[in-house]
Structures are given as structure tokens and as C-alpha cells.
Amino acid sequence: MLTHVGDLDPVAVVGGRCFTGLRDVTSDLSALDSSGAWVVAVTFEGDVVCARFDGAGPIPDAWPSWVGPGSAEWTSSLDAEAFGKGVVAIREAIAAGDVYEVNLCRVLSAPVSPAADIVALGGRLRSGNPAPFGAVVRLPGVELASASPELFLRRDGGVVESRPIKGTAPTGTAFSAKDRAENVMIVDLVRNDLGRVCEYGSVGVPSLCAVEQHPGLDHLVSAVRGRLRGDVGWPELLDATFPPGSVTGAPKLAALDTIRQLEPVRRGPYCGTVGWVDADRRLGELNVAIRTFWFDDGRLHFGTGGAVTWDSTPEGEWDETELKASRLLGIASAA
């Protein structure tokens with residue numbers, strides 16, 4: 001039994017299993033319809049890494065030690081003033097009829113030791129902020145640790161399901177009409193996305209605006225489910241649905257244009273997707289890579305954001321990004 005992950009070999013802890021023995025890596029999503037056990041990571045901008053491993057075993061019971069940056073070392077790609085101006089710009093676009101909702105994000109960054117191991121941070125997140133769709137990936141060119149609470153896609157043969165999160169509040173706080181409006185708009189978007197690759201009439205919403213409790217906050221979560229057409233594989237499914245609607249906005253293409261105009265840096269792995277695929281059994285599960293850290297250029301990065309609607313205020317949206325980030329930054333900054 002694997003009891004630790006202390007070396008620097010390629011490894012991934014995803015979907016309740018530890019993948020080891022890297023066999024090959026490709027950017028071709030059609031490989032997920034071939035054979036074998038795969039780990040998938042796609043950046044928000046669409047850069048794909050599919051890694052096939054020899055197999056998967058139990059999750060480690062011992063992890064390397066993590067020493068993170070100081071809590072005062074974090075900087076933001078957008079400060080409060082710039083973020084507020086972005087909120088105002090989105091509200092103006094809504095008033096003009098260009099969009100209904102846009103997810104505005106910022107990337108926090110801090111220096112990290114050259115000896116830092118993303119797997120160690122993944123272990124810290126697993127103990128300090130357990131998440132249903134958490135993931136740790138250490139591959140050539142991909143080093144990330146996610147504490148995601150959100151399911152992007154779950155595939156079981158021909159059945160596919162997405163569970164978009166929209167609406168965030170401190171634990172025990174009532175959700176507002178704005179929260180529910182956010183959720184319903186994205187549910188409509190996800191229904192439309194899945195409708196492009198599912199059998200006619202098969203897409204439904206078995207759950208709408210259910211309250212889920214997570215460490216330090218609550219979310220509104222809905223479920224959208226459909227039956228894929230027989231000619232649809234992983235490339236077609238992701239082409240129809242990616243990036244996830246909950247981290248873009250509606251309409252999706254117009255929201256993406258607005259994001260490119262307002263956000264000064266790439267999101268990278270944040271708001272992309274991470275997960276696993278069992279190609280032999282036609283099973284798979286991909287998260288929405290929120291609550292996610294990654295290494296790049298000798299720094300540790302973390303993304304935080306939220307949906308801006310007509311009812312948004314600059315102060316309220318900034319506070320939501322702080323709420324989503326505070327617990328995770330505390331965990332990553334601790335010695």
C-alpha cells in the first residue's frame with residue numbers, strides 16, 4: 001500500500017485515488033476515448049494536458065511538509081479600486097444589453113521556495129479544507145492543488161451531469177434574490193451547452209438552487225443532466241461545454257469577451273478543469289478548478305472571483321472574493 005508521496009515523480013491525487021506510473025502525455029482529447037486511466041487538466045484558456053498512468057491506488061496517508069509564503073506577501077492582479085471599476089463596467093454592459101452576467105476574477109500571487117512541492121500543499125488542503133472535487137497534480141508543466149467544491153462534468157457511459165455553483169454566502173446566512181438569479185441564469189446556460197451534444201429532450205434539471213455547506217461558506221448548487229448522442233466523445237463534450245458557465249457568464253461568448261477586456265492576467269489552471277477519466281469503462285469526473293493553487297514562474301498563484309449581475313456593487317463583489325480566498329490563503333500561508 002502506498003503510504004507517502006514524498007518524491008518528485010509525476011503523480012496525481014484525483015477522484016479519491018492516487019495515480020502513479022506515468023505512461024504518456026498528450027494534448028489530444030480524443031485519447032480519453034481510447035483506453036487506460038487518465039488524469040486531465042485544462043486551463044481556462046484551453047491548454048490541454050491528458051496524462052495516462054499505469055493505474056491508481058489508495059490515497060496516501062502521509063504527505064510532505066508544506067511551508068508557504070508569508071501572509072503579507074500576497075499581491076493581487078486587481079486591487080480593490082481596479083476590481084470595482086470592472087464591476088461598474090460589467091453593469092454598464094448589462095444595461096446596454098450586451099451581457100446578463102459576467103464572472104470577474106483576480107489572481108493572487110506570492111513567492112515560493114524553489115524546493116516547494118505542490119503535493120505538500122495538496123496534503124495541507126486535504127486536511128484543512130476537504131472538498132468533494134479536490135485534486136493534486138504534479139506533471140511536467142502542470143503543478144496544481146485544488147480544493148474545488150464544484151462538479152463540471154460527470155460522465156457514466158452515455159449519461160452526463162453538471163452541477164453548477166452560483167450563489168455564495170457565509171455559513172448560516174440567507175441567500176439573496178441576486179444569488180438565486182445568478183444560479184438560474186447559469187443553469188439555463190448549462191442546459192443550452194449540454195443540449196448541443198445530448199439527445200433531444202433528454203436534458204433536465206433534477207435539482208435547482210439546493211443549499212450545500214462547505215468549510216467557511218455555503219453555496220447554491222443545481223444539477224443539470226442529459227443523455228449524450230451516440231456520436232459524442234470527450235472532445236465534442238468539452239467543445240460544447242468548456243469553459244464552465246459558472247466561471248464565465250451569460251451569454252458565454254459575450255462574457256468571455258468582457259473577461260478578456262477587464263482581467264489583466266491569464267487565469268491559467270484557475271477556472272479550468274481537473275479530473276480523471278477511465279476510458280475503458282467510459283467513466284469520468286471533471287471539476288471546475290476554483291479554490292485552486294498553482295506554481296508558475298517561481299511563484300504560487302491562487303484565483304478568486306464572483307458573478308457580477310445588475311444587482312452587484314463593487315464593495316459587495318470585492319467582499320465575496322475576499323470571503324472565498326481568506327480560508328484558503330490562511331492554509332497555504334501557514335508554516
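Contact here means heavy atoms within 4.5 Å. By that yardstick, and leaving out residues up to four places away in sequence, Asp278 touches Gly36 and Leu283. This is a predicted model, so take what follows as a tour of computed geometry. The stops are two nonpolar cores, a run of antiparallel strand pairs, a nonpolar surface patch and a handful of backbone oddities.

**Asp278 and the loop after its strand**

- Asp278 sits in strand E15, which covers residues 273–278.
- Asp278 has a relative accessibility of 14%, and because buried means under 20%, this residue counts as buried.
- Arg282 belongs to the loop that links E15 to strand E16 (283–287).
- The backbone of Arg282 is a bit unusual: its phi is near 55°, a positive value in a residue other than glycine.
- Arg282 comes out as partly exposed, at 45% relative accessibility.

**The largest nonpolar core**

- The largest nonpolar core is made of 69 residues.
- Those with the most contacts inside this core are Val14, Phe19, Leu32, Val137, Leu153, Leu194 and Leu237.
- Strand E3 (residues 37–42) supplies the largest share of this core, with six residues.
- Take Leu194: setting aside neighbours within four places in sequence, its contacts are Leu153, Val160, Val203, Val224, Leu237 and Thr241.
- As general background, nonpolar side chains in soluble globular proteins tend to be buried together.

**The second core and Phe302**

- There is also a second, separate core, this one of 26 residues, and it includes Ala110, Phe302, Leu328 and Leu329.
- Phe302 is part of strand E18 (residues 299–308).
- With a relative accessible area of 0%, Phe302 is buried.
- Beyond its neighbours within four places in sequence, Phe302 has contacts that include Trp74, Arg106, Val107 and Leu108.
- Further along the chain, the contacts of Phe302 include Lys324, Ala325, Leu328 and Leu329.
- Residues 291 to 294 are on the list too, as Arg291, Thr292, Phe293 and Trp294.
- Pro132 is 170 residues from Phe302 along the chain, and the C-alpha atoms of the two are separated by 19 Å.

**Strand E7 and its partners**

- E7 (residues 135–139) is mostly covered, with five of its five residues buried.
- That goes for both faces: Ala135, Val137 and Leu139 are buried on one side, Val136 and Arg138 on the other.
- Strand E1 (residues 11–14) pairs with E7 in the antiparallel sense, over four bridges.
- Within that pairing, Val13 has Val136 as its bridge partner in E7.
- E7 also pairs with strand E8 (residues 142–146), again antiparallel, over five bridges.
- Here Val137 stands opposite Leu144 in E8.
- The hairpin of E7 and E8 has two residues between the strands, and Gly141 takes a positive phi near 85° there.

**E9, E10 and E13**

- Strands E9 (residues 151–156) and E10 (residues 159–163) are an antiparallel pair with four bridges.
- Across that pair, Leu151 stands opposite Arg163 in E10.
- Two residues lie between the strands in the hairpin of E9 and E10, where Gly157 takes a positive phi near 65°.
- E10 is also joined by four bridges to strand E13 (residues 217–227), and the two run antiparallel.
- Glu161 has Arg225 as its bridge partner in E13.

**A nonpolar patch on the surface**

- Val184, Val205 and Leu208 form a nonpolar patch on the surface, with about 220 Å² of accessible area together.
- Val205 lies in strand E12 (residues 204–214).
- Val205 is partly exposed, at 33% relative accessible area.

**Cis prolines and another positive phi**

- The peptide bond from Phe242 to Pro243 is cis, with omega near -5°.
- Pro243 is in the loop between helix H4 (234–241) and strand E14 (249–250).
- A cis bond also runs from Ala250 to Pro251, with omega near -15°.
- Pro251 is in the loop between E14 and helix H5 (252–262).
- Asp297 has a positive phi of about 55° although it is not a glycine.
- You'll find Asp297 in the loop between strand E17 (292–296) and E18.
- Asp297 is exposed, with a relative accessible area of 71%.

Notes
Residues numbered from 1 in each chain as written. Predicted model: local features only at pLDDT ≥ 70, side-chain atom pairs only at ≥ 80, totals over all residues. Heavy atoms only, no water. Buried < 20%, exposed > 50% of the residue type's maximum accessible area, 1.4 Å probe, protein only. Patch = residues over 30% accessible without salt bridge, like charges linked within 9 Å, V, L, I, M, F, W, Y side chains within 5 Å. Areas by Shrake-Rupley, 256 points an atom, 1.4 Å probe, with all protein chains shown as cover. Salt bridge = Lys/Arg side-chain N within 4 Å of Asp/Glu carboxyl O. Core = buried A, V, L, I, M, F, W, Y, C linked by side-chain atoms within 4.5 Å. Pairing = 2+ DSSP bridges.
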